[in-house]
Every structure is written in C-alpha cells, then in structure tokens.
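Please read these points with the sequence and the model open side by side. They are meant for a reader new to this structure.

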Amino acid sequence: MENKKRALILLNMGGARDKNELKMFLTNMFNDENILTIKSSFIRKIVASLIVNKRLNEAWKNYELIGNCSPINPLTEKLVEKCNEKIKDFKTYQVMRYTPPFAKDVIENLKKDGIEEILLLPLYPQYSTTTTKSSLEDFIKFAKNSFKIKSIYDFYRNDKFNSCIVDEIQRIQEGKDDFNLIFSAHGLPQKIVDNGDPYEKQMIEHVQILSQKLKDKNINFKSINLAYQSKVGPLKWLEPSLEDMLKNFKGEKVIIYPLSFIVDNSETTFELDIEYRHISQDLGILDYKVCKCVNYNDNFIDAIKDIIDKN
C-alpha cells in the first residue's frame, strides 16, 4: 500500500482551553452513556445539565490555578508532531472525546487526505468502558464504513512503555530510597467494576509489573502502593482513595506517579500537583513529589512504535 495511506489516531478525553470549553467538556462527558450509566438519554441529559450547572464555576476556579487551560492540548499536539516525524508508516492525528478536535471533524480530514486504513490507539494504558470503550465507540460511530479500522485496547504490559515510567520515577527519586511510591489512578464507581469493567484488575497487574521492574533496576522504596483519585458524588468508588493513602505517611516522603494518564492534564497539574500537595502538607508529609506523564518523551514514541508492531 502507498505510504501514508494509513493513519494512527491517538484518542483521549480532551481538556478545556477556556471556560466555554470547560462547559462543553463537562456537558459531553456527563451525556456519555459510558460515564453516566442512565438508560434513558432524556433523563441522562437532564441529570447532566444539573451536574454541569452545579460544578462549572467551582471547576473553573481550579483551571484558573493552572493558567486557565488544560495542558493536554499543547502536549498532545507536540506528541502528534513527534509521531509524524518518527513513525514513518502512518500519518498521525489526534481525536478528543469531549473537546475539539472531535472524531466527526477529523474523519472529514482523513477522507480528504486519502486515508484508507486506520489504527486507533486510545491513550489509556488500561482498558475501561469509561475511557477506551467510549473513545473507540465514538470514533467508529462517525467513521461508519469509510475505512478499514483496527483498534488497540490496552498497552500497560508493553515493556518499552513501562521503561518510560520507571525512568521518570528514577529521575524524581534521585537515588534516595527513603520515599514511599504511590501509583495514583483515576477512580471509578465500584458498580462499574462490579459490572465487569477490567480496569481495577489491570491496574493492580500494572503496579505488579512496575514494582518488579523497579526491583530489577535496584530502585528501592520504603513501600509501593496503589490509590485512586478524583472521586465525585455519593457513590462508592474504588479504594483506597489517594487522600486516605496519604494519611499513612505522616512524617515521611512520598512520590506520586499518575498511572492512568499518558499526557498531563488538569487531573495531574491541578489535582495531584496542587490539591493533593496541600493535603499532604496538612497531613505532615515531609516531602511530596509528582512525576510527569510520559507526554511526548522520545522513548515513548519508540514505545508507540513497539505497541504498533506487536498489534
């Protein structure tokens, strides 16, 4: 097949560039049947509207603390640019689920560019119905039968990807073995996991893989832990919460790695680096460090190549 007739599509949730886009993000997210699992779309729309109206102004205050926009957009643009430089067999595009660029618009560009085959790579290392399934379904719905489509569902076992994570942890740790490591993952309502979502099992396995890889490289910690962030609403979510986990480390040092994210976003730059930092100070934690996501790291581009080759 002629070169560049194949496209690599990087799928992610998106993030707001201003307050209007934050409202768009929240509205689209809570109207997603994979997120708000209400069978009636009419009732879901009403509930979504109530949630958005309640949360918008408070959420925007958080964005004001990180420069009035999510870092996910410029970082993803840089990732796409590097993929196009280094991955020669595909032309790389990005599609976001809840903010532009949307699938329906990118698909029109794919048609204009003469793309025939597509490889979908959701930038969620572990599979969840709330992320991977939602993003894949959204793209495929708008693509209809216009292309030959193949999808990658998870890649948390990929060794080159995990080496990127270990390298970042090692950089932050600086050879000091008196830290406790916490892998922080985005939380999920327990009922979603109980209904068969594999996210928690994959997250636990991922921590085991990384723990062994750290041990093999003689990168040592006082403890290695898994916790869940971002809980909202009254439902029971996956446990332990990150806040509860941090309570175990009064008078100690902690490193946080954002395990469910590939690209830094409001949940890493605000939640982990600002909100939970304040919590850690209140709890008497001596040192609190947050790792960066892999973002557009050159080694991550090599990992993407490897993920493609093995799928």
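1. Helix 6, residues 159–173, packs against helix 8, residues 199–216, at an angle of about 65°. The axes of the two helices are 10 Å apart, and helix 6 passes helix 8 in a right-handed crossing. On the helix 6 side, the contact is made by Asp159, Phe161, Asn162, Ser163, Ile165, Val166 and Ile169. On the helix 8 side, the residues are His206, Ile209, Leu210, Lys213 and Leu214. Sorted by class, the contact of helix 6 with helix 8 has seven nonpolar, three polar and two charged residues. Please keep in mind here and below that this is a predicted model.

2. Which residues does UniProt list under "binding site"? The unreviewed entry gives His186 and Glu267. The two are spread over 82 residues of sequence, yet they cluster in space, with a largest C-alpha distance of 8.5 Å. The label comes from the record, and such annotations may be inferred rather than shown by experiment.

3. His186 lies in strand 5, which covers residues 179–186. Its relative accessibility is 22%, so His186 counts as partly exposed. Setting aside residues up to four places away in sequence, His186 touches Tyr199, Tyr228, Gln229, Ser230, Trp237, Ser260, Phe261 and Glu267. The two residues from the UniProt record thus touch each other.

4. Is Glu267 buried or exposed? Glu267 is buried, because its relative accessible area is 18% and the cut-off for buried is under 20%. Glu267 sits in helix 10, residues 266–282. Apart from residues up to four places away in sequence, Glu267 touches His186, Gln229, Ser230, Phe261 and Leu272. Gln229, Ser230 and Phe261 are also among the residues that His186 touches.

5. Trp237, one of the residues in touch with His186, is found in the loop between strand 6 (223–229) and helix 9 (242–246). Trp237 is buried, with a relative accessible area of 10%. Beyond its neighbours within four places in sequence, Trp237 is in contact with His186, Gly187, Leu188, Pro189 and Gln190, and with Gln229, Ser230, Lys231 and Val232. The C-alpha atoms of Trp237 and Gln173 are separated by 30 Å, with their positions 64 residues apart along the chain.

6. The loop that holds Trp237 also holds Pro240. The peptide bond from Glu239 to Pro240 is cis, with omega near 0°. A cis peptide bond also joins Pro100 and Pro101, where omega is about 0°. Pro101 is found in the loop between strand 2 and helix 4.

7. How many aromatic pairs does the count come to? There are six aromatic pairs. In one of them, the ring centres of Phe25 and Tyr98 are 5.4 Å apart and the planes are at 80°, so the pair is edge-to-face. This pair links distant parts of the chain, 73 residues apart: Phe25 is in helix 1 (residues 19–30), and Tyr98 is in the loop between strand 2 (91–96) and helix 4 (103–112). Both Phe25 and Tyr98 are buried. Elsewhere, Phe155, Phe161 and Phe300 form one aromatic cluster. Phe161 is also among the helix 6 residues in the contact with helix 8.

8. Two residues other than glycine have a positive phi and may be checked by eye. Lys144 has phi near 55°, and Asn295 has phi near 50°. Lys144 is found in the loop between helix 5 and strand 4 (148–151), and Asn295 in the loop between strand 8 (287–290) and helix 11 (298–309). Lys144 is exposed, with a relative accessible area of 62%, whereas Asn295 is buried at 9%.

9. Two further positions remain. Asn220 is in the loop between helix 8 and strand 6 and is partly exposed, with a relative accessible area of 34%. Leaving aside neighbours within four places in sequence, Asn220 is in contact with Gln173, Lys176 and Asp177. Thr131 is in helix 5, residues 129–143, and is buried, with a relative accessible area of 14%. With the same neighbours left aside, Thr131 is in contact with Met13, Tyr124 and Gln126.

Note on methods. Residues are numbered from 1 along each chain as its sequence is written. This is a predicted model: local features need pLDDT of at least 70, side-chain atom pairs count only at pLDDT 80 or more; totals for chains, interfaces and linings use all residues. Side-chain values use heavy atoms; hydrogens and water are left out. Helices (H or I, at least four residues) and strands (E, at least two) are DSSP runs, numbered from the N terminus. Buried means under 20% relative accessible area, exposed over 50%, partly exposed in between (1.4 Å probe, protein chains only). Contact means heavy atoms within 4.5 Å. Axes are lines fitted to C-alpha atoms, for helices over the stretch in contact, and angles run from 0 to 180 degrees between N-to-C directions. A crossing is left-handed if the near helix is turned anticlockwise from the far one by less than a right angle, and right-handed if clockwise. Ala, Val, Leu, Ile, Met, Phe, Trp, Tyr, Cys and Pro count as nonpolar, Asp, Glu, Lys and Arg as charged, and the others, Gly among them, as polar. Rings of Phe, Tyr and Trp (its six-membered ring) pair if their centres lie within 6.5 Å; planes under 30 degrees apart count as stacked, over 60 as edge-to-face and the rest as tilted.
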